[in-house]
Amino acid sequence: MLAYDKWPPIYDETYMPEPESRYWFPREETMEPREREALILRKLRAQVEWAYYRSPFYRRKWDEAGFHPEKLKTLDDLRRIPILTKEEIRKDQAENPPFGSYLCVEPRDVLRIHGTSGTTGRPTAFAIGRDDWRRIANAHARIMWGAGIRPSDTIFIGSFFSLYMGSWGTLIGAERLGAVSFPFGAGVPGQTLMALSWIKEIRPSAFYGTPSYALYLAEKARENGYDPKEDFAFRIMFFSGEPGAGIPTTKRLIEETFGCKCIDMGSTAEMSPWMTNGECEFRQGMHLWNDIVYTELVDPDTKEPVPFGSEGVPVYTHLERTSQPMIRFWSGDLSLWTDEPCPCGRTYPRLPKGIYGRVDDMLVIRGENVYPSAIEEVLRSMEGFGGEFRIIVTREKVMDELTIQAEYSSSIASQARSDSEVLQHLQKEMQLRIKSKIGIRPTIELVSPGTLERTQFKARRVIDKRDLFKEG
Ligand SMILES: [Zn+2]
């Protein structure tokens with residue numbers, strides 16, 4: 001019998017794998033993918049029915065698209081369900097506060113409220129049901145076991161304990177697994193210095209946080225006379241919230257700095273249990289633990305599933321979430337997937353290069369979401385624009401700076417020969433129009449026609465020099 005034959009599954013809270021076992025649930029983790037598909041379909045049908053009959057939001061959305069849960073006969077039928085975006089959720093919550101009309105449990109059955117920070121508009125509230133919280137704990141324990149964490153470990157959690165789901169998800173997973181937790185937190189002035197002496201004193205064997213914080217911690221350690229390898233004892237460091245731990249150069253840097261295994265994890269908070277993208281101890285790219293959250297990779301334009309070996313956008317579907325289920329949630333991330341075997345023996349697909357981009361190229365500059373396409377739209381609407389541009393983002397001390405290099409047209413070039421103010425005028429006009437579009441005043445550098453290399457790839461027009469994790 002499988003660990004979850006009923007839906008929603010209730011996990012045995014006393015269950016522990018054999019200490020020597022590589023797997024938490026050996027059968028589920030190593031079964032033939034075809035066999036697992038049948039299991040996923042059973043869970044999926046129950047999940048989709050749950051959402052349809054309990055949520056006005058899903059019923060309306062799916063009725064409009066001509067989808068009914070009865071139409072879900074095979075896993076392929078999942079693509080009949082329309083994609084769900086963050087904007088739709090946000091809009092539904094604004095219209096049906098506070099949790100939206102996709103809350104599928106009674107408000108009194110909500111155990112915890114988390115959410116996004118909402119720096120750029122209305123935040124999203126995550127309402128997590130009592131039983132869902134236990135399922136998240138069990139999922140995270142299972143995946144952390146896969147990463148090599150054992151009950152004998154002490155886990156230092158060096159990330160914010162507030163709305164941010166990452167720290168809490170790690171904490172409950174660690175508690176379910178039976179490890180010792182050290183929920184140290186982050187973000188309080190002077191806390192990193194305190195962390196150094198605590199880490200030396202307690203010598204935790206595992207670390208959770210963001211890759212950039214781990215590297216900052218190492219820098220502070222060295223400045224204060226500690227050796228991150230000798231004075232600390234991290235055996236495993238696992239990460240989410242940023243792509244760094246999946247990028248080979250950063251992974252190597254973290255492993256060499258701390259003498260540890262660097263494990264990449266994380267989908268997105270909406271999808272908690274967010275660890276269902278999670279590397280095993282062999283670190284061959286994140287496994288998609290798709291009997292907990294089912295993940296498709298789809299073509300960014302056609303939205304059709306792409307075959308293994310191809311690049312696409314992860315689209316996530318909960319399989320055991322009762323409170324705010326996400327069905328075909330569009331992540332907007334870019335990744336590549338494979339079904340090639342992993343040395344660990346798990347038969348889940350993998351993201352061998354992690355999550356390495358955004359399909360919409362969205363930039364966050366001084367807390368504002370900036371779409372390069374919006375800048376492009378403004379430039380292309382201006383007569384004096386010469387056809388090619390670059391967006392350069394830098395960080396001066398703590399402030400993000402946005403510079404746009406734009407070519408002027410050849411007619412502007414000939415006008416400029418007799419009237420030196422033409423270029424100045426164009427520069428001011430560009431700055432003004434872009435500022436009113438995106439809310440940030442850019443520095444405009446005008447360059448003569450034909451200066452910039454032509455490119456078909458939008459991403460190559462964006463140069464983000466703030467990014468610590470880009471490969472050289
Ligand atoms: Zn593996």
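Author: Welcome! Domain bounds here come from an automatic or database domain assignment. In this predicted model, that gives domain 1 (26-358) and domain 2 (363-464).

Reader: Thanks! What is the distance between the C-alpha centres of domain 1 and domain 2?

Author: Those two centres lie 37 Å apart. The C-alpha atoms of the protein as a whole fill a box of roughly 85 × 65 × 45 Å along the principal axes.

Reader: How do you know whether the radius of gyration agrees or disagrees with that of a compact globule?

Author: The rule is 2.2 Å times the number of residues to the power 0.38. For 472 residues this gives a value near 23 Å, and the protein has 24 Å, so the two agree.

Reader: What makes a residue count as buried, and what percentage of the protein does?

Author: A residue is buried if 20 or more other C-beta atoms lie within 10 Å of its own. Of the 472 residues, 42% count as buried. As for contacts between residues at least 6 apart in sequence, 66% join residues at least 24 apart.

Reader: On to the strands. Why are S8 and S14 said to stand at the edges of their sheet?

Author: The sheet is an open one of 3 strands in the order S8-S9-S14, with antiparallel pairing. Strand S8 (277-278) and strand S14 (350-351) each have a single partner strand, so one side of each is left without a neighbour in the sheet.

Reader: How do you know that S8 and S9 pair?

Author: Pairing needs at least two bridges found by DSSP, and 2 bridges join S8 to S9 (residues 286-288). Across this antiparallel pair, Gly 278 stands opposite His 287.

Reader: Which strands does S18 pair with, and in what sense?

Author: Strand S18 (residues 385-396) runs antiparallel to strand S19 (residues 399-408), joined by 9 bridges. There, Phe 385 stands opposite Tyr 408. With strand S21 (residues 462-464), S18 pairs in the parallel sense over 3 bridges, and Ile 392 stands opposite Ile 463. Both counts meet the cut-off of at least two bridges.

Reader: Finally, why are H11 and H12 called oblique?

Author: Helix H11 (residues 410-418) and helix H12 (residues 421-438) pack at about 130°, with their axes 7 Å apart. Angles over 145 degrees count as roughly antiparallel and 65 to 115 as roughly perpendicular. The angle of about 130° falls in neither range, so the helices are oblique to each other. Where they meet, Ile 412, Gln 415 and Ala 416 in H11 face Val 422, Leu 423 and Leu 426 in H12.

Terms used
Residues numbered from 1 in each chain as written. Predicted model: local features only at pLDDT ≥ 70, side-chain atom pairs only at ≥ 80, totals over all residues. Buried ≥ 20, exposed ≤ 12 C-beta atoms within 10 Å, placed from the backbone. Contact = placed C-beta atoms within 7 Å. Helix = DSSP H or I, 4+ residues; strand = E, 2+ residues; numbered from the N terminus. Axes fitted to C-alpha atoms, helices over the stretch in contact; angles between N-to-C directions. Parallel < 35°, antiparallel > 145°, perpendicular 65-115°, else oblique.
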